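Visitor: I'd like to go through the labels people put on a model like this. Could you take my "why" and "how do you know" questions as they come?

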Amino acid sequence: MLAVLASMMSHAAAGTDDPADPVLGRGHWAFSPLRRDATPMQFALAEWPRSVDDAFILAQLESVGLRPAPDADRRTILRRLHFQLSGLPPVLDDYFDYENDPLPDALERHTDPLLASPRFGERWGRHWFDLARYADSNGLDENFLFREAWRYRNWVIDALNADLPFDRFVTEQIAGDLLPFASTEQRDRQRIAAGFLVIGPKVLLGNDPRQRRMDVADEQLDTIGRVILGQTLGCARCHDHKFDPIPTTDYYAMAGIFTSTQVMMTRYMLGEQRMMERLVGIGEEGDQQNSAYETFWREQPRRKEREKQAKSALELLEKDDESGFTDLAAKHADAVSADAADRGRSKDQRVASQKELLERIRAEIASPPAIPPRGMIPCDEEKPADEAVRLSGQFDRTGDVVPRGFLRVVADSPAAIPEGQSGRLQLACWLTDVQAGAGRLSARVLANRIWYHLFGQGLVRTVDNFGRTGEAPSHPELLDVMAAKLIDGQWSMKMQVRRLVLSRTAAMSSSSGDPQSGRSIDPDNRWYWKADRRRLDPESLRDAIWFAAGELDLARVDSTVAYLGDQATAVGDNKNRRRTDFHCRAVYLPVIRNDLPEIFEAFDFANPHCATGMRPKTVVAPQALFLMNDPSVLAVAEATARRILVIDQYRNDEDRAEFLLASLLNMPNAGPERQELLAFVARLADTGTGDDQERRLRAWALACQALFASGRFQLLD
Amino acid sequence: MPCNNFQATWTRRDALRATACGFGQLALAALAGERTRAEQPPHAGAPGPNTARFAAPHFAPRAKRILFLFMWGGPSHVDLFDPKPRLNLDAGKQLSGKDVGSDREQLGELLGSPFRFDRHGEGGVWISELFPHLSQHADRLCVVRSLHTEGSAHGEALLRLHTGQANLVRPSVGAWVSYGLGSENDCLPAFMTISPPRGHGGVQNYGSAFLPAMHQAMAIGSAETPIAQAAVSNLGNARLSASQQRDQLDFVQSLNRRHSKSSGIDPQIESLIANYELAFRMQSTMPAIMGIQDESRSTLELYGIGSEPTDNFGRQCLLARKFAEQGVRYIQVSTNYTWDHHQKVQQGSIAEAAKVDRPIAGLISDLAQRGLLEDTLVLWGAEFGRTPMVENGDGRNHHPQAFSVWMAGGGVRGGLTYGATDDFGYRPVENPVHMHDLHATLLYALGIDHERLTYRHAGRDFRLTDVHGNVVREIFA
């Protein structure tokens, strides 16, 4: 700890004068040129590395006196591989095939189908959703539903499945609405991608609109800064960054791009006009449908007023108050039917006619058009403009206006933003521009994120912070080589993932190796002398349990929140709460901010209010309680038991126990465990109420639940 | 084995990330300030960071815990604790902006208060006739009449009340307290919230945000549910007897121990094992705390349990006392969303006060006779007050500009009225106390310097009061 502190202090000392100076800041490792041609130092264990990545790892290990752990057994490797690429466990056939595959490219042949499967996008899309602070509701003060967010969610999943190059992936999310298109379908797809900017949380009520404008821009800027650049840009909102080369002027140069962008609009909702997320009709007819829908709601108060007056008119007619009726008819002609106003008719006729009008108005009120297909889509402001620096970050204390632009620590070249544009398109290109923009930094950040997801800790452990307050990379050359490979490989994320899962480093065992020297020399496993044992995230945990029960439906899903009203949480009279009883994969479950599915809440799901590159890893009581007691777990455990007792044919309990241990815990032929399991089942089947069959079913259900709750199930060895 | 290990995987790395952060003097200061918590990474079998042993108060603490009675919706201060004769004299007239320092010409028609106010106790604290039981404790109360905040809508104001911020997700006050002091109890979290609101920020109001998850509150029921039917999620399994579940857990633990042993005693698996034991203990402990069967008849009567309209809030307050006895550090009790009187503020205030008056008075008496009041700071308050001006003929609107809260116990000077508003209750004119100041003061009562209780996140140190907050020392004895 002291060593780290010392190095941090000397670091600070090096940037003596002004830490926010962008030119001085270029010396910081994250901004420096990529060392593309770096080669690993010497290493002795020549037969170990399979790739250049391995060589860097090995050289570093040997230099500190460590040896890599032996390979894990094939079954363990396969279980890891499946969870990492698909978020689901292998089935017994997969284990059997891989274990008995004699060919040298066995691992490749088991990897490629996983990369090609739609499960890949669901798994890695979820990693992106943590960063994109994806949610189906606004959160914060007024938790209104984001009814259309799922379209963005599915766009991300598709993009990862299609291995959309990362530079394009970023560009579409930041400026998709500004890109050229060849078809309506392409236009909509790109626009929906830009929903990335719209799905952030916003304080909707009670604050000054000028404050909100700056807050919204700040939220976008902070998200993009952390997610793509690994920079804490938000710090420069109130003052020059205290540690990183980001002066306040750079912050407002970028903020101007986002204050020149619209992500909100006034819409009629829950009885009034409100500032809400911006929605645009999609499809050929989208605009007309959307405008018809909005018009209907805008006019609804008028209709209700008309109903009220028509009702009064009817009452006046019925009690023969002719003068009151005449007054009303004079003021609200549209609330009185022509026949009712005709004194030549009988009272009955007039009443009947007025009643008919009232019914017609009521029918109109009660029949709004269906919600049209819409997307959460930004656009440029009509008059994009540069932004003034806000003194101390206060929206109403303006300083100098700064021309829109990007971070000067990256390059001096000013942004060429054409008149009448926000600059988002230029920003999007700059972010991944390797020559003139931040492409090198973005590639480093992305390469590190991929490494983090596969190995459990980043080479830069502060995955969202590549600034001076973050940590330096443990293997700087390796990080640079990976970043260069990403760039040279047309920013293909799948290729990067593939190379790393095939590496020797990925094959290491988590339990054996050289524990003595490993634990004393490198207790945190900073040099990767073994694999880190990792806990399943809640999505994988939930899917694996449902999968075991045969209760998981792998079909792709659209909205899982359509049944909710405009209020996303059940508050007061609104009893309508998000459901979690879907059989789809967890990635499609509703992400209501401040009302997450219970299993997400318990098991360290990312807080969807902000970009999260690294989820917390806690071990807290609600997790144990969830697995011990949650009704959904009990139900699925019972379904699993029913499956092995009724549906699948086994000769005897021995076979059942063997199946469960092998498929759920990856423990074939585990004698003692099998005996314990059988003894437990026998004991439980002897107690309690019900007939033999019921008791047996319950005993097996409890056994299955126990297996789900065990570390072998929850952890990736 | 201690079971206070709510987050056993607090690794050296986490500690480093969270605490050793700044540069130069800053870093050294932070490090020194954090040493108690940070330097002792817990491992299986050793005390976790969530324990009182690590508590190192910055000052001599006046209270060991805080019990916050939250009146959701915003009670009308001018009808309850801040009498305004001028308001009654001028009722029906327009309140002119210049009379209360507002830019707006006219602020609306003034609505007088129909309630009688009296001075109570030796300190002569003014309390309206709606709190006859509470009035008997007047010499234990310190009424702060000059609180002010931002956020004229409930959502924003609730978030500011509970977390100090509205547009960013920040830890709740209780989570900061838990982080700062740890738990005194082996089987309960340091932060419990009884019947929390689901709306207006929902879990964010009792969440831990970037602080470790063990600091978030354990929630009991929600505001919409009567407390008698409320439960902590998943704290029990109706399908199994305790012995069957223990049998099942033994099987799980046996699998886990074999797993750990085969990996050369893996700390990660060990913490999983410890966590199951903790959960099982919690589940065995909680029913006794949640139940009222062990309470005497006179205690139940004291809280108004068993009679209406006090039964529900009485049960909530009784539960709060039990948590206080158990050493929980921060306990919040919330009413339902019933104090938002845009219409009929008179009838509404009568009805709502009747629900809470006796239970609160009972709670104070009960804490006092058990010797708990001296180290429990009881806080009564809401997200904002209500306008002196009328709304909808007989109601009052939201008013964050000035409102009243009171405190009792925990070293607070009883019989004190602190701060004052103008003649109409519109704005504080003497000793204004901002929400950040209230937060700083609460931490101060617990012996914590709000400027030194920091947590490193996303590259910088965060604290409850951001860059604000002044401790109101005058309210302490």
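**Labels and the values behind them**

Guide: Happy to. Of the 717 residues in chain A, 52% are buried. Keep in mind that this is a predicted model.

Visitor: What makes a residue such as His341(B) count as buried?

Guide: The cut-off is 20 or more other C-beta atoms within 10 Å of the residue's own. His341(B) has 25 within 10 Å, so it is called buried.

Visitor: Where does His341(B) sit, and which residues does it touch?

Guide: His341(B) is in the loop that runs between β9 (330-334) and α12 (345-369) of chain B. Leaving aside residues up to four places away in sequence, His341(B) touches Ser76(B), Gly348(B), Ser349(B), Arg386(B), Gly395(B) and Arg396(B). As for Arg358(B), 17 residues apart from His341(B) along the chain, the two C-alpha atoms are separated by 21 Å.

Visitor: Back to chain A. Why are α3(A) and α4(A) called oblique?

Guide: Helix α3 (residues 74-86) and helix α4 (residues 92-99) of chain A pack at about 130 degrees, and their axes are 9 Å apart. Roughly perpendicular covers 65 to 115 degrees and roughly antiparallel starts over 145. An angle of about 130 degrees falls in neither range, nor is it under 35, so α3(A) and α4(A) are oblique.

Visitor: Which residues make that contact between α3(A) and α4(A), and what is the hand of the crossing?

Guide: The crossing of α3(A) and α4(A) is right-handed. From α3(A), Arg74(A), Arg75(A) and Leu78(A) meet Asp94(A), Tyr95(A), Tyr98(A) and Glu99(A) in α4(A). Sorted by class, that contact has 3 nonpolar, no polar and 4 charged residues.

Visitor: And how do you know that α6(A) and α7(A) are oblique?

Guide: By the reasoning just used. The axes of helix α6 (residues 118-131) and helix α7 (residues 149-161) of chain A cross at roughly 120 degrees and come within 8 Å. The roughly perpendicular range stops at 115 and roughly antiparallel needs over 145. Roughly 120 degrees lands between those limits, so α6(A) and α7(A) are oblique.

Visitor: What is the hand of that crossing, and which residues of α6(A) and α7(A) are involved?

Guide: α6(A) passes α7(A) in a right-handed crossing. Among the contact residues of α6(A) are Pro118(A), Phe120(A), Trp124(A), Trp128(A) and Phe129(A). Those of α7(A) include Arg153(A), Val156(A), Ile157(A) and Leu160(A). By class, the contact has 8 nonpolar, 3 polar and 3 charged residues.

Visitor: How is chain A laid out as a whole?

Guide: Chain A has 29 helices and 10 strands, and its C-alpha trace spans about 110 × 80 × 45 Å along the principal axes. Its domains are domain 1 (165-280 + 377-432), domain 2 (284-372) and domain 3 (629-716). Taken over C-alpha atoms, the centres of domain 1 and domain 3 of chain A are 53 Å apart. Of the contacts in chain A with a separation of 6 or more, 67% are between residues 24 or more positions apart.

Visitor: How many residues of chain B are in contact with chain A, and which element gives the largest share?

Guide: 66 residues of chain B are in contact with 65 residues of chain A. On the chain B side, the largest share comes from α8(B), with 11 residues. By class, that side has 28 nonpolar, 29 polar and 9 charged residues.

How values were computed:
Residues numbered from 1 in each chain as written. Chains lettered and ligands numbered in written order. Predicted model: local features only at pLDDT ≥ 70, side-chain atom pairs only at ≥ 80, totals over all residues. Domains from an automatic or database assignment. Contact = placed C-beta atoms within 7 Å. Helix = DSSP H or I, 4+ residues; strand = E, 2+ residues; numbered from the N terminus. Nonpolar A, V, L, I, M, F, W, Y, C, P; charged D, E, K, R; others polar. Axes fitted to C-alpha atoms, helices over the stretch in contact; angles between N-to-C directions. Left-handed = near helix turned anticlockwise from the far one by under 90°. Buried ≥ 20, exposed ≤ 12 C-beta atoms within 10 Å, placed from the backbone.
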